[in-house]
Amino acid sequence: MKLNFKGVFEPKFFELIRSRNYSKELFFKDLTAGIIVGVVAIPLAIAFAIASGVSPQQGLITAIVAGAIISIFGGSHVQIGGPTGAFIVIIAGIIAQYGINGLMIATLIAGVILILMGLLKVGDIIKFMPYPIIVGFTSGIALTIFSTQMKDFFGLTALDGSELVVPSEFIDKWICYFKHFSTIDPWATAMAVFTVVIGFLWCVRKLILWNVIGFLWSKVTKVIPGSLIAIIVCTVAAIVLKNYGVEVATIGSVYPELAGGVALPKPEPLSIDTKAVRELLSPAFTIAILCAIESLLSAMVADGATGKKHNSNTELIGQGLANVVLPIFGGIPATGAIARTMANINNGGRTPVAGIVHAIFLLLIYLFLMPLAANIPFACLAGILVVVSYNMSEWRSFKGILKNPKSDVAVLLVTFFLTVIFDLTIAIEVGLLIAFVLFIKRVMETSSIKVIDQELQRTEDPESQSVYERVNSSVQIYEIDGPFFFGVANKFDEIDSGSKKKKPKVRIIRMRKVPFIDSTGLKNLRSLCDKSRKEKIQIILSGVTEEVNQVLQKSGFADELGREFIFDHISKALDKANELTNNE
């Protein structure tokens, strides 16, 4: 059998090549945008890597490899791929439990899962992830990232002056901070606060009132990220302080090998066995789901800004390919980055070429400027991540959902607290379970089964009134309103057991408002027919849609009941009912 992948894997980069509409003007726009996004990505890639528990080189390698592959094979015109803050908690947890090799295996498995999701066209479905779950785990991750940065933000040490070992649990972490707050380093704190202030001021582009200065300010803040300015200033400050005998913790103090420069990592095969795959399947699934959600959300936001449309399934396959290749070069999980994607759009990027340029620019930085990164203070990176966590927090959306129905609030809070206290895997699984149960409950509340009687007819539509006028006294009509599935299937028994009226000779089941029927609904319909047969009551189905009728035929129910008792309209069913009752 030949698989048809049309519409499933159609990378936008190859569409651009085939179209032959790429101009010199468009290239220069993509070139400018790609370089600017590359500048934005440098501090973020380094900060995310260190916060995740890996080296800064691995963060840049991830941005380079993922940035290139996602731009070439992805389904969005402007998506920028790389490491993101959402993965910090997951990566750190996997490394703590399974080691760096476990992270590499989990990333590769996640990549395979993403490719399968794209080929199976799951991309069109995953966009319907309940919004309270997305806000819940995003806000939870933001709070977790914030809590992990307090040690470096304040330069805390152990009481004896040695390196402070911070517990992994959220509550224990904060207890540890308060116990050791007396060891605060004023210079590190000053750098971290300066970075946060710069991060927020850089977003206020109309801060300066004078026209000329205000215009220049907006131009500078649009092209140069505040995080890069903070890194330059704090790095210079750290070097000056060191000359005066004041030591501030820097990347070089933890990764001294950076001082001599770095070389491109050589591809290395992974050591994979069935036991490792079984153990890492759950965290890999979490990586894949988070990658899919974040990349597709980013692509949808980009569509709104550019007016173009992405291909969800192609995007998942592109993300999957990136995460399959990354572990071979020692990279960490990557996905579409909303902030970098919007920076790309705002600076003129309109095709995947901008993403490729961004990856090439980062490669040049990696090869020639990495020794300079050794002087970057950890306090500055902590300040950058505090700003990132604030931007991730979705606090306005969180506050808005608290005013929504209690079911949405329950899903939001459960997902949020499980993310903070336990981990994202449990949060997503429990959040989806609760959302599923609440969805079933809502459908049950909107679906109903009732017996048509004279009192109801006065308030129903004219067609129902005319139906009632033709009902023989020996005929009873059940109306099913909504899907007939496992959540409402037992309502027949409830109605029948509560009825004190005389048993009819014919019972019509009106199904005009039934869009589908599942196995449980079919079973209960069979049970009703068997019970009615014993009571010598004939069942007639009316208003049966073509979809429901196909289910009845394939299951054999149509033959069991008799095809002559299944009708597409109530008038035909009534004629049959009157014929049966009049002949007796």
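Contact here means heavy atoms within 4.5 Å. Keep that in mind as you click around, and remember that this is a predicted model.

**Stop 1: the whole thing**

Start with everything shown as cartoon. You should find 28 helices and six strands. The protein has 584 residues, and 51% of them count as buried. Now think about contacts between residues with a separation of 6 or more: 83% of those in the protein come from residues 24 or more positions apart.

**Stop 2: A259 and its neighbours**

Select A259, which sits in the loop between helix 12 (251-254) and helix 13. Is this residue buried or exposed? With a relative accessible area of 56%, A259 is exposed, because the cut-off for that class is over 50%. Show its surroundings next: leaving out residues up to four places away in sequence, A259 touches P371 and A374. Then add A373 and draw a C-alpha to C-alpha distance from A259; you should get 8.3 Å, for two residues 114 apart in sequence.

**Stop 3: helix 4 against helix 13**

Follow the chain from that loop into helix 13 (residues 274-306), and select helix 4 (residues 88-119) along with it. As a reminder, two packed helices are described by the angle between their axes and the distance between the axes. For helix 4 and helix 13 the angle is about 65° and the axes are 6 Å apart. The two helices are therefore roughly perpendicular to each other. Look down on the crossing and check its hand: helix 4 and helix 13 cross in a right-handed way. Colour the contact by residue class and you get 23 nonpolar, three polar and one charged residues.

**Stop 4: helix 2 against helix 16**

Hide that pair and bring up helix 2 (residues 24-52) with helix 16 (residues 352-368). Their axes come within 7 Å and cross at roughly 45°. That angle makes helix 2 oblique to helix 16. The crossing of helix 2 past helix 16 is right-handed.

Which residues make the contact? On the helix 2 side, show sticks for F27, D30, L31, A33, G34, I35, V37, G38, V39, A41 and I42. On the helix 16 side, pick V353, A354, V357, H358, F361, L362 and I365. By class, this contact between helix 2 and helix 16 has 14 nonpolar, three polar and one charged residues.

**Stop 5: S407**

Jump to helix 20 (residues 406-421) and select S407 in it. S407 has a relative accessible area of 15%, and it counts as buried because that is under 20%. What does S407 meet, apart from its neighbours within four places in sequence? Show L438 and R442, which are both in contact with S407.

**Stop 6: salt bridges**

The structure holds nine salt bridges. Here are some to pull up as sticks.

- **E15 and K12.** These side chains meet in a salt bridge, with 3.8 Å from N to O. Why are they about one helical turn from each other? Because E15 and K12 are three residues apart in helix 1 (residues 12-19). Turn on a surface to compare the two: E15 is partly exposed at 28% relative accessible area, whereas K12 counts as buried at 10%.

- **R526 and E560.** The closest N and O atoms of this salt bridge are 2.9 Å apart. R526 lies in helix 25 (residues 519-534) and E560 in helix 27 (residues 557-561), so the pair ties together parts that are 34 residues apart in sequence. R526 is partly exposed at 23% relative accessibility, and E560 is partly exposed with a relative accessible area of 46%.

- **R533 and D530.** Stay on helix 25 for this one, where R533 and D530 are three residues apart and separated by about one helical turn. Their closest N and O atoms are 2.9 Å apart in the salt bridge. R533 is partly exposed, with 47% relative accessible area, and D530 is partly exposed with 39%.

- **K151, D152 and E163.** End the tour by selecting these residues together, since salt bridges that share partners join K151, D152 and E163 into one network.

Methods
Residues numbered from 1 in each chain as written. Predicted model: local features only at pLDDT ≥ 70, side-chain atom pairs only at ≥ 80, totals over all residues. Heavy atoms only, no water. Salt bridge = Lys/Arg side-chain N within 4 Å of Asp/Glu carboxyl O. Helix = DSSP H or I, 4+ residues; strand = E, 2+ residues; numbered from the N terminus. Buried < 20%, exposed > 50% of the residue type's maximum accessible area, 1.4 Å probe, protein only. Axes fitted to C-alpha atoms, helices over the stretch in contact; angles between N-to-C directions. Parallel < 35°, antiparallel > 145°, perpendicular 65-115°, else oblique. Left-handed = near helix turned anticlockwise from the far one by under 90°. Nonpolar A, V, L, I, M, F, W, Y, C, P; charged D, E, K, R; others polar.
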